[in-house]
Amino acid sequence: MLDANEGTREIAEEIRTRLLQNPSRARQIGTFGFIELEETWGDETTILNTARVSTSNRRLSSVSQLTEKDRALLEHLLGEQHGTPFETVYFRYRFIAPIFVLRQWVKHRISTWNEFSMRYRKPISAFYIPDKTARTVNGFEIMTDEQVDRYADLLETVNRFYEVEYESICTRIDENRASGRLPQKSGGRDPFRARARELLRSVTPVANYSDVYWTVNFRSLMNFFNLRMKETAQYEIREYAVAAYALFGEAFPLLKEILEKIEQEKG
Ligand SMILES: Cc1cc2nc3c(=O)[nH]c(=O)nc-3n(C[C@H](O)[C@H](O)[C@H](O)COP(=O)(O)OP(=O)(O)OC[C@H]3O[C@@H](n4cnc5c(N)ncnc54)[C@H](O)[C@@H]3O)c2cc1C
């Protein structure tokens, strides 16, 4: 792969660090993909307490207080789709995924996004290359190794185009500053370089990776799991959904168990 730009190398280093520091909450996906469940707010007691506002004064302060009755109520709420108590628990994931995956993910509108900017930074120069599993259907290899090589060459060319043209623009800006044709930079962002990034980002392929903080409530997260872990979802977003589900399950084993029981009962 193309020599990654500096920002990309820093992100790769950060992924390595996060995987070491937080192994139970972070997963690598493919060569550059990554997902981490960084933070959660609320738990089973939050769901039960908010649901009980309509029926009783019983409140729990810790998951350790949960009884069989509480568990049965959780099952009932989930099974009968009493949705709003599940909107009181929140999750923040960080994921680094190809832009085409992001375009599918962002359709989950009941959530909040903060995404890497190609206006303020150069794009991440790493791009997605499908491995054997990704490009094989029922034992039939859809893309051959030679095709993947040509695909990677093309993406490298496009990414190199960005780097070369950006460098060239920066050199001209600096030369024009030195000769006095352009004003000296006066603090803050350089408007000329910023415009160069705005213009050149248009060539960024959807295979390139981007970086997102995704904050989502539990109800919407269940909808995401339901739609994106299915066989009908595209392989690449499914990989992220499956990883997101595994991370959720490690943080909330009881909720995972109840969800799976209800799914089984639905058949
Ligand atoms: C296999 C698959 C293929 C897909 N193909 C395409 C495609 O070709 N093109 C495309 O554009 N999208 C496509 N989608 C995206 C899909 O249409 C949904 O936008 C996406 O799955 C998000 O689901 P959602 O609307 O339930 O989630 P969210 O947007 O998070 O919404 C959650 C729930 O809130 C409610 N809601 C949200 N917004 C509204 C609203 N405006 N009005 C009424 N109720 C609302 C709904 O009950 C919804 O289920 C595809 C999805 C899947 C899983």
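**Notes on a predicted model: sheet, helices and ligand site**

1. Let's start in the middle of the sheet. Strand S2 (residues 33-41) and strand S3 (residues 90-98) run antiparallel and are joined by seven bridges. One pair to look for: tryptophan 41 has tyrosine 90 as its bridge partner in S3. Keep in mind that this is a predicted model.

2. Now go across S3 to its other neighbour. Nine bridges link S3 to strand S7 (residues 209-217), again with the strands running antiparallel. Along this pairing, alanine 97 has serine 210 of S7 as its bridge partner, and tyrosine 93 stands opposite tryptophan 214, also in S7.

3. S2 has a partner in S1 as well. S1 and S2 pair in the antiparallel sense over four bridges, with arginine 27 opposite isoleucine 35 in S2. What kind of connection do S1 and S2 form? They make a hairpin, with three residues between the two strands. Have a look at glycine 30 in that turn: its phi is positive, at about 65°.

4. Put together, these strands belong to an open sheet of five, ordered S1-S2-S3-S7-S4 and paired antiparallel. Which strands sit at the edges? They are strand S1 (26-29) and strand S4 (112-115), each of which pairs on one side only. From one strand to the next, the twist averages 20°. As general background, strands of a sheet pair through backbone hydrogen bonds, either parallel or antiparallel.

5. Two helices to check against the sheet. Helix H1 (residues 6-21) packs on it and touches S1, S2, S3 and S7, its direction making about 135° with that of S1. Helix H8 (residues 235-251) also packs on the sheet, touching S1, S2 and S3; the direction of H8 makes about 35° with that of S2.

6. There is a helix pair worth a look too. Helix H2 (residues 44-52) packs with helix H3 (residues 68-79) at an angle of about 75°, and their axes are 10 Å apart. H2 and H3 are therefore roughly perpendicular to each other. On the H2 side the contact is made by Glu44, Ile47, Leu48 and Ala51, which meet Asp70, Leu73, Leu74 and Leu77 of H3. By class, that contact has six nonpolar residues, two charged and no polar ones.

7. Next, the ligand. Which residues are around it? The set is Lys107, His108, Arg109, Ile110, Ser220, Asn223, Leu227, Thr232 and Ala233. Sorted by class, this shell has four polar residues, three nonpolar and two charged.

8. Finally, zoom out. The protein chain has nine helices and seven strands. Its radius of gyration is 23 Å, well over the 18 Å that the globule rule gives for 267 residues, so the chain is more spread out than a compact globule. Taken along the principal axes, the C-alpha atoms of the protein chain fill a box of roughly 75 × 55 × 30 Å.

Definitions and conventions
Residues are numbered from 1 along each chain as its sequence is written. This is a predicted model: local features need pLDDT of at least 70, side-chain atom pairs count only at pLDDT 80 or more; totals for chains, interfaces and linings use all residues. Two strands pair if DSSP finds at least two bridges between them. A residue is near a molecule or strand if its C-beta atom, placed from the backbone, lies within 6 Å of it. Ala, Val, Leu, Ile, Met, Phe, Trp, Tyr, Cys and Pro count as nonpolar, Asp, Glu, Lys and Arg as charged, and the others, Gly among them, as polar. Axes are lines fitted to C-alpha atoms, for helices over the stretch in contact, and angles run from 0 to 180 degrees between N-to-C directions. Angles under 35 degrees count as roughly parallel, over 145 as roughly antiparallel, 65 to 115 as roughly perpendicular and the rest as oblique. Two residues are in contact if their C-beta atoms, placed from the backbone, lie within 7 Å. The radius of gyration is taken over C-alpha atoms; the globule rule is 2.2 Å times the number of residues to the power 0.38.
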